[in-house]
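Reader: Please take me through the side-chain contacts and the open space of this model, with the criteria stated as we go.

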Amino acid sequence: MKKVITYGTFDLLHYGHINLLRRAKELGDYLIVALSTDEFNRGKGKECYFSYDQRRLLLEAIRYVDLVIPETCWEQKISDVKEFRVDVFCMGDDWRGRFDFLREYCQVVYFDRTPEISTSKIKDDLETSR
């Protein structure tokens with residue numbers, strides 16, 4: 001079984017997220033999503049609209065996702081790859097190069113983003129429409 005992992009916040013879930021998850025699942029048989037916890041996001045200066053538990057429920061309802069685990073810190077990626085015996089790590093290309101150190105443990109793939117949509121754009125559009 002070929003295992004794939006990706007990481008993210010997945011707040012205000014949109015079709016760009018779905019595109020990433022679909023493409024990630026196409027790389028293997030089993031997709032793990034490491035979902036940033038509320039505490040980890042606050043440490044990054046991010047405040048989510050949906051709580052970790054709500055975002056986890058949304059992800060678990062998506063047919064491409066097999067397992068959701070908490071992402072609590074930047075440093076856990078190597079241990080996650082080892083613990084879950086991951087074959088492929090993937091992220092959006094806005095992170096290109098940042099996780100190349102994982103090539104020692106697994107294949108690393110960066111996907112082109114869906115250019116016309118992002119959580120930031122949704123938030124900006126909502127703010128502008130007020």
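Reader: How does the salt bridge between Asp 100 and Arg 103 measure up in N to O distance?

Author: The model is a predicted one, in which local features need pLDDT of at least 70 and side-chain atom pairs count only at pLDDT 80 or more, while totals for chains, interfaces and linings use all residues. Residues are numbered from 1 along each chain as its sequence is written, and side-chain values use heavy atoms, with hydrogens and water left out. A salt bridge here is a side-chain nitrogen of Lys or Arg within 4 Å of a carboxyl oxygen of Asp or Glu. The side chains of Asp 100 and Arg 103 meet that criterion, with an N to O distance of 3.2 Å.

Reader: Which residues are joined into one network by salt bridges that share partners?

Author: One link in question is the salt bridge between the side chains of Arg 42 and Glu 47, at 3.8 Å from N to O. Relative accessible area is classed as buried under 20%, exposed over 50% and partly exposed in between (1.4 Å probe, protein chains only). Arg 42 is partly exposed because its value is 44%, whereas Glu 47 is exposed because its value is 54%. Through shared partners, the network joins Glu 39, Arg 42 and Glu 47.

Reader: How many residues apart are Asp 66 and Lys 25, whose pair links distant parts of the chain?

Author: The side chains of Asp 66 and Lys 25 form a salt bridge at 2.5 Å, N to O. Asp 66 counts as partly exposed because its relative accessibility is 36%, while Lys 25 counts as buried because its relative accessibility is 19%. Elements are DSSP runs numbered from the N terminus, helices being H or I with at least four residues and strands E with at least two. Asp 66 sits in the loop between α3 (52-60) and β3 (67-71) and Lys 25 in helix α1, and the two are 41 residues apart.

Reader: Which element gives the most residues to the lining of the largest pocket?

Author: A pocket is an open set of points on a 1 Å grid over the protein atoms alone, where a 1.4 Å probe fits and protein lies on both sides within 12 Å along at least five of seven lines, and lining residues have an atom within 4 Å of a point. The largest pocket holds about 730 Å³ of space, and of its 31 lining residues, those closest to its centre are Thr 9, His 17, Lys 46, Asp 94 and Arg 113. Two or more lining residues come from each of β1 (3-8), α1 (15-26), β4 (88-92) and α5 (119-128). With four residues, the element that gives the most is α1.

Note on methods:
Grid points are joined across faces, edges and corners, and a volume is the space filled by probe spheres set on the points.
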